[in-house]
Amino acid sequence: MKKSVFVKVLAILTAAVLLLASFAGCASNENTASESKASDASQTDSSASNVVYRTLDEIKSSGKIKIGVFSDKNPFGYVDENGEYQGYDVYFANRLVKDLGVEVEFVSTEAASRVEFLETGKVDVVLANFTVTDERAEKVDFALPYMNVALGVVSPDSRVIKSLDELKADDEVIVITGTTAETYLTEKYPNIKLQKYDTYANAKTALENGQAAAWANDNTEVIAYALQNKGYTVGIPELGSKDTIAPAVSKGNKTLLDWINSEIEALGKENFFHADYEATLAGTYGKDYEEKLVVEGGKVE
Amino acid sequence: MQALGLDVLFKGSNFLRLLEGLWKALGISLIAVALSIVLGILFGIVMTVRNPVVKAVCRVYLEIVRIMPQMVLLFLVFFGTTRVFGWNLNAEAASVIVFTFWGTAEMGDLVRGAVTGVPKHQYESAFALGMTKAQAYLTVIIPLAIRQLIPQSMNLITRMIKTTSLVMMIGVVEVLKVSQQIIEANRMSSPNAVFGLYLTVFILYFVACWPFSLLAKRLERKWSN
């Protein structure tokens, strides 16, 4: 009996301490949030200690910029056999670094931690195939876009699907769970039967075994797939809402954002992103998709 | 070689990069292990104290470590401390802190189990010989407890080494991340590299963890006499 009372007291104590701790956590989070808002209002004062980001001048005077990139997303951001960062995003990053006249430290980021790195100022810029969405734009500031993304549909040469209307009632379409393709087709085409797979490899096998009429995914993925696998064609290279990929900086870092935007505009005059495409993406996607994928000078047509 | 994509290993400095990644993983985990053993033994002894307040505090700490996934702890320490306190920890330091926080709790629990598992007559004999409490602990109880501790703590150490694969989430490029980078960089030219690389990583982790198992076996044999 005595023991069970003791255990109960312990349990209550534990719960109380945990609750208190979580309240304390929330409270302090709110504090910092409101502080950073306040500092945004009086933004010109860059020396304020509670600002997470570094301004353009601070980066310049420190002589080093930290850029978050992917290190395993060939051909956008990856590391080659000599340990050097390469890819479409990195090519652009290197140019920014050169024009800024500083050294660069690339930080390897994961899709799930990109926003967090910016919110805490652990990197100055994220150039990691970052698709602009409203939800993300609440937490970070996106600069002008430098690439397009949309959905695409790939199908076997024996029956190329050029429009979703061509699908017959019993035709199924492969999607990977959790992708924009799944969300889009479920919302806009509820009548199309979907075959859902968890991994890229399973979806690929299903298409190759003829289990479905077509496969819908990000267009960069399906284009690369069709180029690597004979007998498949991307019948629909662009489907659904067109999204863009853009650099992102910490919320409120206006000086750096303005500089990147002016840089993107200026680079448009020398057709920089076309050169970037030819150096990094042409090997995977060929020349045919250059105009579809590249955004030059921050202007989406 | 071709079928397993092992040729990719010897392209450029790939193999060296894998070893550097392993070195980084081992650096983080072994520093954390060393700290955890020292702090864990202290924590374990504190846990055997019969004061209810001390017990409650220890219990809360242990439960937090058990409930929280290491990934969440990593995010909390790496990003959270910047948000709340404005500290700018580097990713390696944050990893060592999280792994030590985790290792100390688990090690402490093992020590507590081992110390309370020492038969009562050992305490009584020690006191009967006129030892003080400190003497009894230092010369009798702890040496006995450590023997009990070896197998489980080796298990903890190898688990800590393997869990370093999580630190890639906060930007540390360790052995598994390097292997993923190599696989992706060669996605077109050698799609089979995935087998060869993961096999290599398996062997590297094995080489890193095997000595601890050997050491454990040796100590057990030595002390059983």
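User: Where is Pro75(A) placed in this predicted model?

Analyst: Pro75(A) sits in a loop of chain A, between strand S2 (72-73) and strand S3 (77-79).

User: What kind of peptide bond joins Asn74(A) and Pro75(A)?

Analyst: The bond is cis. Its omega is about 5°.

User: Why is Asn129(A) called partly exposed?

Analyst: Asn129(A) has 19 C-beta neighbours inside 10 Å. A residue is buried at 20 or more and exposed at 12 or fewer. The count of 19 lies in between, so Asn129(A) is partly exposed.

User: What is the phi of Asn129(A), and where is the residue found?

Analyst: Phi is near 45°, a positive value in a residue other than glycine. Asn129(A) belongs to the loop between strand S6 (125-126) and helix H5 (134-137) of chain A.

User: What makes Asn271(A) partly exposed?

Analyst: Here the count is 14 C-beta neighbours inside 10 Å. Buried needs 20 or more, and exposed needs 12 or fewer. Asn271(A) meets neither cut-off, so it counts as partly exposed. The phi of Asn271(A) is positive too, near 55°. Its loop lies between helix H9 (254-269) and helix H10 (272-280) of chain A.

User: How many residues does each chain bring to the contact between chain A and chain B?

Analyst: Chain B brings 26 residues and chain A brings 29. On the side of chain B, H7(B) gives the most, with 5 residues. That side divides into 10 nonpolar, 8 polar and 8 charged residues.

Terms used:
Residues numbered from 1 in each chain as written. Chains lettered and ligands numbered in written order. Predicted model: local features only at pLDDT ≥ 70, side-chain atom pairs only at ≥ 80, totals over all residues. Helix = DSSP H or I, 4+ residues; strand = E, 2+ residues; numbered from the N terminus. Contact = placed C-beta atoms within 7 Å. Nonpolar A, V, L, I, M, F, W, Y, C, P; charged D, E, K, R; others polar.
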